[in-house]
Amino acid sequence: MRLNQLEYFVAIDKYGSFSKAAEALYIAQPSISRAIKDLETELGFQLIKRTGTHILLTEEGKLVLEKAKAMLQLKNDIASIKTNLSLPASHVITIGTSSTHCNMIITNSANKLKEQNLSLQLNILQEDFFSLLDLLHTQKIRFALSCVDPIRIASFQTDCLKHQISFNVLYSDTLCFVVGHNHPLASRESVKIEELFEYQFISASKKTSELRFLQNHGYTQNIISINNYWNFQQYIYENPVFSLAPRLSILETNATVTPDKQQKILNVQNFTLPCQFGFLKKENISLTAAESQLCMSIEAYFQTFYKK
C-alpha cells in the first residue's frame, strides 16, 4: 500500500470523479485508475462502484476513506515539523505547492539562496489546490506557490475570497504550439487560434482540462494522446498535427526548434492563457525575512520568462 494511492482515493471522493481528481492533482487519469485498481487488489475488496459517470463508495470503501484521511493528516503534520533545531526558526521554511512543476521552481530558487550562504531548510508540502486553501486557512502552512487551471479560474477566485486568501500573480502564460517541419503552417511565425482547429491536436497527457479548454474555444475534433515523450516528438515530426501548450511548459521541456528544423514553435496571436502562477497567502500573515527572500528568488525565476 502506497501513500499516493490513499491520496488519489481521498481526491476521488472529494471531487466526485476520477477525471476531476486527476485535474486537481495534475496527473493523468489512467494513473489514478491504475493506482486504485492496484489498491483494491491488494486489499481484496472493492472500494468504488463505478456507475457511468458517477461513483459510489462501497461500505468497505467508506471505512478505508476514514482511515486514509487520518493517515494523510498525519503526513501533513509530519511534513510541517522543523526537524533541524540547530537552524534559526526563521530559516526553516515550509511552503505549499500545487504541482510537481511548482516543486521544481521552488527547489531551483532555494538552491540559489544556498549559494548566497543563506542557511535554509526547505520543506515542500504538495497538495491539490483546494487542500492548499484549507491548510492556509487553518494556518498549517504560511504560504504556497500554485498554478491554476484555466478552466477553473472562477471557482478558484471564489474560494480565495471565502478563505480571505490573497493570490499574488507571478506569471500569466502566453499560448503557443509546436509543429513538425512538414506541417502546413510550419513556415509561419504566428497564427490565429481559429486556424489551428483545422488540424489534429496531439497531447502528451490525458488531462481532460486540455480537451475542455479547446472545446470551449470551438475545437471539435478528438485529441490524440501519446504519453511517451519520444513517441510524442516522433508523431509530430511525421504527421500534420500540432501540440498546444503554455510557452513556459514548452521551454521547460526543451521542446524548441532543433538544428535540422524537425519542429517549430509558433505563437498564437492575441491570446494569453488565464492559467497563472502565483503566491497564495492568508491576508493577515506577514512572511519572515527568509520566506520573503525565497519569494523574491521565485519571482526572479519567472522574470526570465517574461524576457523570452
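The legends below describe four close-up views of a predicted model.

**View 1. Helix α5, residues 100-115, and its length.** Helix α5 has 16 residues. At 1.5 Å a residue, these should span 22 Å, and the C-alpha atoms at the two ends are 23 Å apart, which agrees. The residues of α5 that count as buried are Cys102, Asn103, Ile105, Ile106, Ser109, Ala110 and Leu113. Looking down the axis of α5, these buried residues fall within an arc of 165°, so they line one face of the helix. On the face turned away from the buried side, α5 carries the exposed residues Thr100 and Glu115.

**View 2. The largest cavity and the residues around it.** The structure holds one cavity of 30 Å³ or more. The space in the largest cavity comes to about 90 Å³. Its lining is made up of Glu23, Ala24, Tyr26, Phe129, Phe130, Cys147, Val148, Asp149, Arg152, Ser155 and Phe156. Three helices, α2 (18-25), α6 and α7 (153-162), each supply at least two residues of this lining. By type, the lining residues of the largest cavity are seven nonpolar, one polar and three charged. Empty space of this kind is found by rolling a probe the size of a water molecule over the atoms.

**View 3. The second largest pocket.** About 550 Å³ of space lies in the second largest pocket. Its lining consists of 22 residues. Those nearest the centre of the pocket are Val10, Leu72, Glu127, Asp128 and Ser131. Helices α1 (3-15), α4 (59-79) and α6 (129-137) each supply at least two of the lining residues. The largest share comes from α1, which gives seven residues to the lining of the second largest pocket. Sorted by type, the lining of this pocket holds seven nonpolar, six polar and nine charged residues. Helix α6 thus appears in two views: it supplies at least two residues to the lining of the second largest pocket, and at least two to that of the largest cavity.

**View 4. Gln233 in helix α10.** Gln233 lies in helix α10, which runs over residues 229-238. Its relative accessibility is 15%, and because buried means under 20%, Gln233 counts as buried. Gln233 and Val179 are 54 residues apart in sequence. In space, the distance between Gln233 and Val179 is 9.6 Å, C-alpha to C-alpha.

How values were computed: Residues numbered from 1 in each chain as written. Predicted model: local features only at pLDDT ≥ 70, side-chain atom pairs only at ≥ 80, totals over all residues. Heavy atoms only, no water. Helix = DSSP H or I, 4+ residues; strand = E, 2+ residues; numbered from the N terminus. Buried < 20%, exposed > 50% of the residue type's maximum accessible area, 1.4 Å probe, protein only. 1 Å grid on protein atoms, 1.4 Å probe; cavity = no way out; pocket = protein on both sides within 12 Å on 5 of 7 lines; lining within 4 Å. Points joined across faces, edges and corners; volume = space filled by probe spheres on them. Nonpolar A, V, L, I, M, F, W, Y, C, P; charged D, E, K, R; others polar. Expected span 1.5 Å × (residues − 1). Arc of directions from axis to C-beta.
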